[in-house]
Amino acid sequence: MDHFYLISTFIVVLGAIVMFALDRFSIEAISLSVLAALLLIYGIVPYEGPNGATLSLTELLSGFSSPALVTVLALLIVGKGLFATDAMEGITSHVGRLCGSRPRMGVALILVVAGSISAFLNNTPVVVIFIPVLTSLAATFRLPAYQIFMPLSFITILGGMTTVIGSSTNMIAAGIAAESGLEIGFFDITGMGVILAVIGYVYVLFFLPRLLSARQTELRTSNDGDGAQFIGEIAITAGSRFAGLLPISGFFPQLRPFSLHSIVRASDGEDKVLFPPFSEELRLQPGDLLQISANRKAFMDLIAGGEAVTFGETEEEAHMHASRRQGPNYHLAEAVIAPGSRFEGRTVRFCGIQPRFHVTIVGIRRKSRMGRGAFGFLRLEAGDTLLLAGAEDDIMSMRGNHDILLLEHSAQSVPPRSRALISFIIFAAVVGLSAVGVSPIAVNAVLGALAMIATGCLSLQQAARAFDRQIFLLIGSSIAMATALEVSGGAALIAQGAIALAGGSSAVIAITILFVTVAIMTNILSNNAAAALFMPIALNMAHQIGAPPLAFAAAVIYAANCSFATPISYQTNLMVMGPGHYSFADFVRGGLPLVVIIAVAFALLAPFYYNL
């Protein structure tokens with residue numbers, strides 16, 4: 001009966017890996033199928049091994065309540081809060097100025113810095129720090145996200161293998177080695193670790209981005225009208241940053257990224273429309289209405305920056321709506337005027353959309369030309385796309401309306417920049433407390449996620465969208481597979497096979513077989529489980545063939561860190577799945593070559609480095 005559990009577990013694990021790699025079915029479907037298969041195998045007839053080991057359904061489903069799952073999900077919420085408040089805008093702008101027209105060089109620089117830091121700080125908080133920075137940088141310079149986030153995870157893993165405290169895997173392995181009589185010092189694994197990391201850096205920075213391709217979800221996200229121009233209006237008030245500006249050569253380049261079409265100025269009780277080029281003496285003053293055009297991001301930045309704007313509203317309406325613009329529930333969305341709509345032919349100010357839905361018309365996009373008069377008196381036409389601002393609930397109340405058609409997936413939260421400092425303090429507290437070990441990272445992450453929501457940096461809806469169900473199901477099913485593989489004796493059988501394969505071979509062959517075996521297992525089990533399982537085996541192999549124990553212990557540490565080929569092998573891989581829109585197959589495609597490169601490099605260099 002024991003053989004039934006062992007063989008069936010191997011079939012499920014191998015089948016899952018093949019199905020994940022083929023990418024023919026969704027991750028959710030495969031994960032649920034794996035769980036169902038394991039529950040059938042171990043649930044109908046409870047397992048009891050020859051040594052008394054048992055596997056209950058509670059243990060099999062423990063992945064859904066594991067600290068690793070809670071930590072990853074909570075950290076994604078914390079990172080989302082940092083990005084949602086534009087707290088990283090200053091860093092992004094600084095990197096942009098340093099790199100000028102070469103943003104990819106800035107990304108490479110950030111990745112190298114992240115890898116260096118991860119040598120002295122656990123990889124997970126390092127990735128938490130840099131995900132919002134790279135997200136902001138990618139959005140600013142329109143860089144493909146899929147070429148950025150997997151390299152971030154891989155490069156921090158590579159940096160983490162260079163010191164004993166670089167990752168939890170290293171510390172676990174060093175602790176087990178110490179119990180067996182081998183003390184591994186802080187920098188004992190640094191020499192070879194740095195060599196392997198540098199080799200890996202070259203691959204990650206120059207070759208990995210070429211192996212990856214954009215997912216359809218990212219293409220839809222990145223191509224959603226970023227360059228589409230809307231016509232809108234800014235009302236200059238006494239506190240406006242635009243008040244007092246003078247034209248340069250007849251234009252206002254200071255208004256970029258906005259293009260100024262005309263200025264409506266009240267003069268002797270009448271509105272006077274001024275067109276470019278403007279007089280050199282013309283100074284923008286309170287009361288002026290600027291008729292401008294820009295993409296939706298520019299309008300969003302204007303609102304997020306606290307600029308006093310009216311967008312065609314009366315002064316009372318603008319005052320009323322201004323109080324609602326600070327908070328995570330304030331959104332921008334797009335809606336189309338339907339043919340035959342009751343709003344068709346009415347002006348922006350008096351069309352009735354604003355009071356009916358409690359929203360503000362920020363801009364209009366029209367295929368034909370529009371007049372350059374006051375924005376509030378433009379007449380709406382069928383087919384016009386309106387850029388609307390308002391509370392999320394108010395915008396969603398437009399669903400199903402036949403006069404104005406809401407483009408639902410266009411809704412996007414306006415960053416509450418007034419809370420940027422709060423989100424940064426929460427983020428810094430989570431990272432700092434985790435780095436110095438004051439409290440467990442799972443505790444810090446959950447408290448940080450709660451603080452982000454409680455302080456208004458994130459809404460509950462945004463927090464729920466910070467991660468997707470793929471990660472939840474993937475972690476649960478992967479821990480179930482790892483648990484079944486260990487309890488049924490499958491993991492131990494693989495370890496025994498590696499020892500038998502090495503046999504009485506030379507130290508070079510034995511250490512190579514050990515490295516390859518651990519590298520394979522770390523991508524099926526977790527890296528910590530692989531290190532804990534193989535460290536005693538490695539030290540025993542070293543003693544049997546009279547090889548330096550440190551060399552074999554280091555081989556286990558380096559190989560256990562080769563968790564590149566699957567997203568389930570390390571927390572940071574799971575954390576970048578969402579931002580990078582990756583599939584399981586993407587990790588196989590991008591990570592497997594890196595595992596092979598590191599394994600070959602170690603096999604060639606270890607004999608000389610350790611005098612084997």
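Q: Is Arg366 buried or exposed?
A: In this predicted model, Arg366 is buried, because its relative accessible area is 16%, and buried means under 20%.

Q: What does the side chain of Arg366 meet in a salt bridge?
A: The side chain of Arg366 meets that of Asp384, with 2.7 Å from N to O. The pair links distant parts of the chain, 18 residues apart, and both Asp384 and Arg366 are placed in the loop between E8 and strand E9 (385–391).

Q: And Asp384, buried or exposed?
A: Asp384 counts as buried, since its relative accessibility is 1%.

Q: How many salt bridges are there by the rule used?
A: The count comes to seven. One of them joins the side chains of Asp288 and Arg265, at 2.8 Å from N to O. That pair also links distant parts of the chain, with Asp288 in the loop between E5 and E6 and Arg265 in strand E4, 23 residues apart. Asp288 and Arg265 are both buried.

Q: Which residues are linked in a network of salt bridges?
A: The network links Arg296, Glu334 and Arg365.

Q: Turning to helix H26, where does the salt bridge of Arg589 lead?
A: The side chain of Arg589 meets that of Asp586, at 2.7 Å from N to O. They are separated by about one helical turn, because they stand three residues apart in helix H26.

Q: Are those two buried or exposed?
A: Asp586 counts as buried because its relative accessibility is 2%. Arg589 is partly exposed, with a relative accessible area of 38%.

Q: How does H26 pack with H10?
A: Helix H10 (residues 190–206) and H26 pack at an angle of about 145 degrees, and their axes are 10 Å apart. Their crossing is right-handed.

Q: Which residues meet there?
A: On the H10 side they include Gly191, Ile195, Ile199 and Tyr203. Among their partners in H26 are Arg589, Pro593, Ile597, Phe602 and Tyr609.

Q: What makes the nonpolar surface patch?
A: Ile195, Leu592, Val596, Val600, Leu604, Leu605 and Tyr609 make a patch of about 580 Å². Helix H26 (residues 584–609) gives the largest share of the patch, six residues. Val600, which lies in H26, counts as partly exposed because its relative accessibility is 43%.

Q: What about helix H25, how many of its residues are buried?
A: Seven of the 10 residues in helix H25 (residues 571–580) are buried, so the helix is mostly covered. Among the buried residues are Thr572, Leu574, Met577 and Gly580. H25 is followed by His581, which has a positive phi near 55 degrees.

Q: Which other residue, not a glycine, has a positive phi of about 60 degrees?
A: That is His358, located in the loop between helix H15 (353–357) and strand E8 (360–365). His358 is partly exposed, at a relative accessible area of 44%.

Q: And where is Ser249?
A: Ser249 lies in the loop between strand E3 (230–235) and strand E4 (259–267). Its phi is also positive, near 55 degrees. Ser249 is exposed because its relative accessible area is 61%. The C-alpha atoms of Ser249 and Glu280 are separated by 7.2 Å, and the two residues are 31 apart along the chain.

Q: Finally, which residues are joined by a cis peptide bond?
A: Arg256 and Pro257 are joined by one, with omega about 15 degrees, and Pro257 is placed in the loop between E3 and E4. Another joins Pro276 and Pro277, with omega about -5 degrees. Pro277 is in the loop between strand E5 (270–274) and strand E6 (289–294).

Notes:
Residues numbered from 1 in each chain as written. Predicted model: local features only at pLDDT ≥ 70, side-chain atom pairs only at ≥ 80, totals over all residues. Heavy atoms only, no water. Patch = residues over 30% accessible without salt bridge, like charges linked within 9 Å, V, L, I, M, F, W, Y side chains within 5 Å. Areas by Shrake-Rupley, 256 points an atom, 1.4 Å probe, with all protein chains shown as cover. Salt bridge = Lys/Arg side-chain N within 4 Å of Asp/Glu carboxyl O. Helix = DSSP H or I, 4+ residues; strand = E, 2+ residues; numbered from the N terminus. Buried < 20%, exposed > 50% of the residue type's maximum accessible area, 1.4 Å probe, protein only. Axes fitted to C-alpha atoms, helices over the stretch in contact; angles between N-to-C directions. Left-handed = near helix turned anticlockwise from the far one by under 90°. Contact = heavy atoms within 4.5 Å.
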